[in-house]
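Have the sequence and the model side by side for this walk. We begin with one residue, then move on to sheets, cores and rings.

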Amino acid sequence: MANKILVIPDVHGRTFWKESIDKFFDEVDRVVFLGDYLDPYENEGRKTPDEVFKNMLQIMMLKHDHADKVVLLKGNHDQHYSSERFRDLAGGSRMDEGNWDRYHDTFAEFRDLFKIAHKEEVNGVPYIFTHAGITMYWIHKVNSQLWHLPDNKVSIADQDIIDRINQLDDDGAGQDLLAVIGSRRSWFGEKTGGVLWADVEEHSIPDAPKAYGLDKVFQVFGHTKLSSKYDMLEFENLAMIDSLQSFMIDASVDKKIMTVKDYREIVL
């Protein structure tokens with residue numbers, strides 16, 4: 001169980017994560033990166049591939065030096081370098097073909113530093129961290145095609161199911177399921193995308209379905225870039241936080257999640 005968690009959404013070559021690490025690293029129990037370390041946005045200033053790569057290596061070094069404290073999740077912009085199969089099935093925009101081999105080799109060499117999903121418990125509430133969130137449609141598809149468990153035995157509140165989601169990151173059927181894209185992101189998409197591709201509008205908002213434990217957890221994810229007017233989209237069972245800033249979860253504060261900026265105002 002963690003009392004204080006620093007959460008860092010989509011990086012995309014940006015360095016906003018460094019300030020919150022410098023400020024809060026020693027006082028938190030866990031730091032969770034939600035993925036998408038590569039493929040910067042062109043309208044945010046030109047970054048060279050070497051700068052983007054160095055930024056990711058610095059994050060990886062933080063994980064290497066603090067293996068139990070730092071969690072590195074992968075996003076779709078990481079997975080299309082990590083897996084050739086995923087790239088061929090669901091490669092995303094801004095993929096850097098010229099540096100694909102360098103990125104691919106890095107993910108292969110340091111495979112054990114990354115995972116797809118992570119669970120923490122705060123004040124008795126299971127928090128589920130992924131890049132794009134887990135939808136009812138997708139978890140049902142995974143179970144029906146791969147796990148073949150009784151539906152009432154599948155709950156994302158259970159660590160066993162989170163472990164099974166992490167085990168999807170292989171080169172076979174699991175990779176196919178990670179590559180599922182939803183209708184909000186593709187003309188040929190399915191009802192919802194998978195854990196690396198689901199658009200926030202593909203989640204059941206504001207009420208989570210009463211199936212697969214979706215109504216018993218609080219999901220935290222990124223992937224759907226917010227306009228500068230919004231810090232996050234928060235509902236009873238989820239928060240989507242892709243807004244170029246870090247967030248804090250603190251068991252002693254009566255909020256499920258808040259921006260670091262708001263947290264500073266509370267604790268000062």
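Asp215 is partly exposed because its relative accessible area is 26%, and the class runs between buried, under 20%, and exposed, over 50% (1.4 Å probe, protein chains only). The model is predicted: local features need pLDDT of at least 70, side-chain atom pairs count only at pLDDT 80 or more, and totals for chains, interfaces and linings use all residues. Residues are numbered from 1 along each chain as its sequence is written, and side-chain values use heavy atoms, with hydrogens and water left out.

Asp215 sits in the loop between α8 (173–178) and β7. Helices (H or I, at least four residues) and strands (E, at least two) are DSSP runs, numbered from the N terminus. What does Asp215 contact, leaving aside neighbours within four places in sequence? Its partners are Ala208, Pro209, Lys210 and Asn237. Contact here means heavy atoms within 4.5 Å. Lys54 is far along the chain from Asp215: 161 residues in sequence, and 39 Å in space, C-alpha to C-alpha.

Follow the loop into the sheet. Five strands make up an open sheet, ordered β5-β6-β7-β9-β8, with mixed pairing. Its edge strands are β5 and β8 (233–235), and each pairs on one side only. From one strand to the next, the twist averages 15 degrees. Axes are lines fitted to C-alpha atoms, for helices over the stretch in contact, and angles run from 0 to 180 degrees between N-to-C directions. Strands count as paired if DSSP finds at least two bridges between them.

Now take strand β6 (residues 125–129). Four of its five residues are buried. On one side, five bridges link it to strand β5 (residues 118–122), and the two run antiparallel. These two strands form a hairpin with two residues between them. Asn123, in the turn, has a positive phi of about 50 degrees. Three bridges join β6 to strand β7 (residues 218–221), and this pair runs parallel.

Tyr127 is a good residue to look at in β6. It stands opposite Glu120 and also opposite Phe218 in β7. Ile128 faces Gln219 in β7 as its opposite residue. Is Tyr127 buried or exposed? Tyr127 counts as buried because its relative accessibility is 4%. Phe129 is buried as well, with a relative accessible area of 0%.

In a regular strand, side chains alternate between the two faces of the sheet.

Next come the aromatic pairs. There are nine of them in the structure. Rings of Phe, Tyr and Trp (its six-membered ring) pair if their centres lie within 6.5 Å; planes under 30 degrees apart are stacked, over 60 edge-to-face, and the rest tilted. Phe33 and Tyr37 form a tilted pair, 6.4 Å centre to centre with 50 degrees between the planes. Why is the pair of Tyr127 and Phe129 stacked? The ring centres of Tyr127 and Phe129 are 6.3 Å apart and the planes meet at 25 degrees, so the pair is stacked.

Phe33 and Tyr37 are both buried. They belong to one aromatic cluster with Trp17, Phe107 and Phe114. Both also appear in the largest nonpolar core, which has 33 residues; Ile8, Val31, Phe33 and Tyr37 have the most contacts inside it. Such a core is a set of buried Ala, Val, Leu, Ile, Met, Phe, Trp, Tyr and Cys residues joined through side-chain atoms within 4.5 Å. The elements giving two or more residues to this core include β1 (4–8), β2 (30–33) and α2 (49–65). The largest share, six residues, comes from α2. A further core of 29 residues lies apart from it, with Ile116, Ala117, Ile156 and Ile162 among its members.

Finish with the other sheet. It is open, with six strands in the order β4-β3-β2-β1-β10-β11 and mixed pairing. The edges are β4 (114–115) and β11 (258–259), and each pairs on one side only. Four bridges pair β1 with strand β10 (residues 247–250) in the antiparallel sense. Val7 has Phe247 in β10 as its bridge partner. Helix α1 packs on this sheet and touches β1, β2 and β10; its direction makes about 165 degrees with that of β1. Helix α2 lies across β2, β3 and β4, at about 135 degrees to β3.
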